[in-house]
Amino acid sequence: MSYQAIARKYRPETFDQVVGQTHVTGTLRAAMARDKLSHAYLFSGPRGCGKTTVARLLAKAINCQTNREGDPCGVCDTCTAIAKGSYLDVLEIDAASNTGVDNIRELRDMAQYSPSEGSSRVFIIDEVHMLSKGAFNALLKILEEPPNRVFFFFATTEPNKIPRTILSRCQRFDFRLLTRDELGGRMQDIAKSEGVTLDETGLRLLVSLAEGSVRDGLSLLDQVIAGCEGTITEETVVSAFGLVRSQLFVELNEAIIAKDAARALRLVESLSSTGQSLDAFARGVVSNFRNLMLLKIDPELAKMVDLPPEQIEQLGTQAVNFSEQDLLALIDRAGQHFERIHRSTQPRIMLEASLVEYCRFESRILLSDLAHRLEALSGNRAPDGGGGGGRFAAPAPVAPNSSANGNGMQARTASASSPMSASAQTAAPRAAAPRPAAVVKPAPMAGRAAGETVPGWTQLIDNLMAIKPAVAACLMEGLPSLNLDEGRLTVAFEQDKQFKVKMVEGQISAVEEAASKQFGCSVKVELVLGSQGQVREVKEEIRKKVAPTTLEELTKACAKDPALEKLVETLDGKPLHEEDRDNWK
Ligand SMILES: [Zn+2]
């Protein structure tokens, strides 16, 4: 037996076999069974979801010699002739290539004669919206007084282009795209009948490629069955269509989050060397950002993401690193890039450039917006906040040597609202997005006094920034420790920061004046140089304490500190990943 395309071989023979359009087929079969058919039907809906299939079924049902409760028998001479397209009274016209008035006049003349063999004459006009104005007028004349036993079935993807006069003379049925389950079920059934194992990964990919269209789905299945050896997996589908493995997008996201352009570029190399389609990859990038956005907005939306559960989980984790604004902007850019890559004669270069752009992407938390929100926050500060230390501080003043979470953590968390917001950290005026003060009592540097905080330190830096920006910038590199009883502020610097120490020393009286004002008593400032190792060790410890790495830690910290909670909420703050800590200095 010669090869038969799957779509043809498994074409529905009864209304029941039409998948996903029961709202149409049920009504039509009932009308058919009760002999209540209208003269003209309009079937509208997306391509490949069964409009002409249903039109043909109906044509068969009307003419079938042994019609069974509205369904055609599918085996009588008439049914088989219609299926083969050799039945003279059922005429299929493609309006896309027969748009003229003459075509319709011809049709009108035919309609005047009695059907030659069967009982009724059926005209199926596909893409009917393509008819010219004249043709529509000619058609209207027939529809106004339809001859007995003449039926018109129109199919269209664009019902809005059909004149109202025509529409009003048709019974209209809207076809819809198939759900994933419907399409998947149909494909799985067919694969079984063909003796092919279609595994879950392969099925999921095929279904997502078909985008709800049965015709596309079956044609894809056809191609992949032809090339497979008994089993269809994601790998089979990927290689059959030159697609891209979805795991690659998880890797791309990692590169973007790490701002690692080299890693992203290596992905392009691997695509190229394994013959995967650059075009498909560029298209996939758009979907990938869309998936991240869905998961960012609500993890419940995972059901709209067409990926294996483990990848959805990975994406969900990655989504935390982006803000909604980031993702909207990325979707927009990726869409434009795809167009460009698609048209380009040098798609690889275009793709590479786009990936570098994503890795260099700067967070869409606008700096002005950030400053605004910070301002709003500082407005909520308790009046005595001056003693509380900085615009991020808890409203209540904290004892200088208390080990509560101090401004260090809070400022840190603000900047860490998303690793994508690195620009906010580097480009923001320091006063607007203060660098977190690493706060520690430096004297027993090796003695693990980490975590002790200096409330007011950030505010002090802020104030100094306004009058002596260079000094403030140097001072903030140090680790402060405050002893109010002795009226002493000690700031420790790493060994290699000698220049900064000198700079601060040169203006020490201005620093002391600002400090005295800030802490409400006379304060002497002491600058000390520690060994690099010591300082770093202490810094690291503070970091761990003041900047939570997990959501759980952050939640705990928020529960203890309402000001922090408010800040995290306002700025959509997220914990910084361990591996990003070193980049954040
Ligand atoms: Zn029949």
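The protein comprises 28 helices and 10 strands in what is a predicted model. Buried residues account for 50% of its 585 residues, and the exposed surface of the protein amounts to about 27,400 Å², of which 50% is supplied by carbon and sulfur atoms. Among the contacts with a separation of 6 or more, 74% join residues that lie 24 or more positions apart in the chain.

A zinc ion is coordinated by the SG atoms of C64, C73, C76 and C79, at distances of 2.2 to 2.3 Å. The angles among the 4 donor atoms run from 102 to 119 degrees, and the site is tetrahedral; this assignment follows because four donors count as tetrahedral if all angles lie between 85 and 135 degrees. Along the sequence, the donor residues of the zinc ion follow the spacing C-x8-C-x2-C-x2-C, and, of these donors, C73 and C79 are buried.

Backbone geometry was also examined for residues with positive phi. D35, although not a glycine, has a positive phi of about 60 degrees, and is located in the loop that links helix 2 (22–33) to strand 1 (40–44). With a relative accessibility of 67%, D35 counts as exposed, because the term applies to residues over 50% relative accessible area. A positive phi, near 50 degrees, is likewise found at E211, which is a residue other than glycine. E211 belongs to the loop between helix 9 (200–210) and helix 10 (214–227), and its relative accessible area of 61% places E211 among the exposed residues.

Methods: Residues numbered from 1 in each chain as written. Predicted model: local features only at pLDDT ≥ 70, side-chain atom pairs only at ≥ 80, totals over all residues. Heavy atoms only, no water. Helix = DSSP H or I, 4+ residues; strand = E, 2+ residues; numbered from the N terminus. Buried < 20%, exposed > 50% of the residue type's maximum accessible area, 1.4 Å probe, protein only. Contact = heavy atoms within 4.5 Å. Areas by Shrake-Rupley, 256 points an atom, 1.4 Å probe, with all protein chains shown as cover. Donors = N, O, S within 2.8 Å, 3.2 Å for Na, K, Ca; no water. Tetrahedral: all angles 85-135°; square planar, octahedral: opposite > 155°, others 65-115°.
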